[in-house]
Structure formats: structure tokens, C-alpha cells
Amino acid sequence: MIMMPLKSITKNLASLIITCLFGVLSINAYAAIDVYDFDSVQQEAQYRGLIEELRCPKCQNQNLAGSDAPIAQDLKQKTYDMIKEGRSDGEIRAYMQERYGDFITYKPPVRPSTWILWFFPPLLLIVLIVGWFWQSKRSQRIARGQSGILVDSAAALSAVEEAELDRLLSRADRNKTDHDITSIEDKK
């Protein structure tokens, strides 16, 4: 009889500990949600647009909105503060670029230091297309015998070799139609 209440107490205590543990975990999950109070819907839209556009300096290719890194939290707070001060999108972007460089934006400005980002991909594409076009034209010319390659007279076939080649080619044409080899000489 004494065992029954002890099992009940142990069971209740275990469920209380599990409930507290889940409660603490859920409080930590809610602590990660940013809550900012804006004066207008336009300010909130401006904030959302900027944190979607600005890149987290720590999280290689993730925007501020999706990053939980401490620096991203700081940048979100700074963006919020600047919006509350009445700064424009351009001023906020300029501040962030001045402090963190062109990496902070997904659309870096066009200037000599970023020319490789803007002009290398299209130039590479153009070079690849021209190379492919040139190669296909070259292979077509070679197939038609218009390669422009001069044949050395010493390397040309002699009359005997040409006659043998013609005989072999005509035999190959006949074999395509006959499919029956009749002479021993043809089997070789």
C-alpha cells in the first residue's frame, strides 16, 4: 500500500519537471522573436524591406531577416533606430555600406572595384557562345572538306592507293545492300 502513493508522487514529480523544462524552452523560443514598435505602417514596411535586402556579415549568404547571429540582431536594431529617426532607405544603405562594405548588399554599386562582379559573367557568356559558334562552323567546314588545310603532295595518295581505296569503298557499298560475303578475298 505504501508503494502506490510513492509511485504516484514520482510520476507527478516527473511530469512537473518535464512541464517546467518545456516551459523554459518555450520561453527561450519566444525570446528570439524581435518585437519593434513602429509609428506607422510605412515605417514597418521600410524596416521589413531593408532587413530583407541587407545581408548578414557573418552568415555568408543570408539576409538580416533570416539570421539569428548577434551581429544581425545589432544591425536590425540599428536599422530600427535609424528608421525611427526618420532616415531614408538610401541613408541607411549608405551607412551600412560605409561601415560593412559592399558585401552588406545583394546589389553592389557599379564602380571599378565591383566591375568583375557586374561584367565578368556576361563577358564569359559571350565568349562561350562565340567559341561554341566558331567550333560548330569549323566542324561543318571540315565535314564539307572546306577546312582550308593544304594537303602536302608527298602525303597524297598514289594512283595505286587511290584505286585500292575505291575498290574497298565500292565493296563496302555492295555489302550494305547484299549483306552476303561470297568471295574469300572479301572476307579478309
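The buried residues of helix 3 (buried meaning under 20% relative accessible area, with a 1.4 Å probe and protein chains only) are Ala 72, Leu 75, Lys 76, Thr 79, Tyr 80, Met 82 and Ile 83. They sit on the same side of helix 3, because they cover an arc of only 165 degrees around the axis, the arc being that of the directions from the helix axis to the C-beta atoms. An α-helix has 3.6 residues a turn, so residues three or four places apart point the same way.

Before going on, a word on the model: it is predicted, local features need pLDDT of at least 70, side-chain atom pairs count only at pLDDT 80 or more, and totals for chains, interfaces and linings use all residues. Residues are numbered from 1 along each chain as its sequence is written, and side-chain values use heavy atoms, leaving out hydrogens and water.

Now look at the other side of helix 3: Pro 70 and Asp 74 are exposed there, which means over 50% relative accessible area. Gln 73, also in helix 3, counts as partly exposed, in between those two cut-offs, because its relative accessibility is 22%.

What covers the buried residues of helix 3? Helix 2 and helix 4 are included in the cover. Helices here are DSSP runs (H or I, at least four residues), numbered from the N terminus.

Helix 2 packs against both helix 3 and helix 4. Two packed helices are described by the angle between their axes and the distance between the axes. Axes are lines fitted to C-alpha atoms over the stretch in contact, and angles run from 0 to 180 degrees between N-to-C directions.

| Pair | Angle | Axis distance |
|---|---|---|
| Helix 2 and helix 3 | about 145 degrees | 10 Å |
| Helix 2 and helix 4 | about 30 degrees | 11 Å |

Which residues make the contact (heavy atoms within 4.5 Å) between helix 2 and helix 3? Helix 2 brings Gln 43, Gln 46, Tyr 47, Leu 50 and Ile 51, while helix 3 brings Lys 76, Thr 79, Tyr 80, Ile 83 and Lys 84. For helix 2 with helix 4, the contact is made by Gln 46, Leu 50 and Glu 53 on one side and by Asp 89, Ile 92 and Arg 93 on the other.

Finally, how far does helix 3 reach from end to end? Its 15 residues (70-84) should span 21 Å at 1.5 Å a residue, the expected span being 1.5 Å times one less than the number of residues. The end C-alpha atoms are 21 Å apart, which agrees. After helix 3 comes Gly 86, with a positive phi near 95 degrees.

Notes: Contact = heavy atoms within 4.5 Å.
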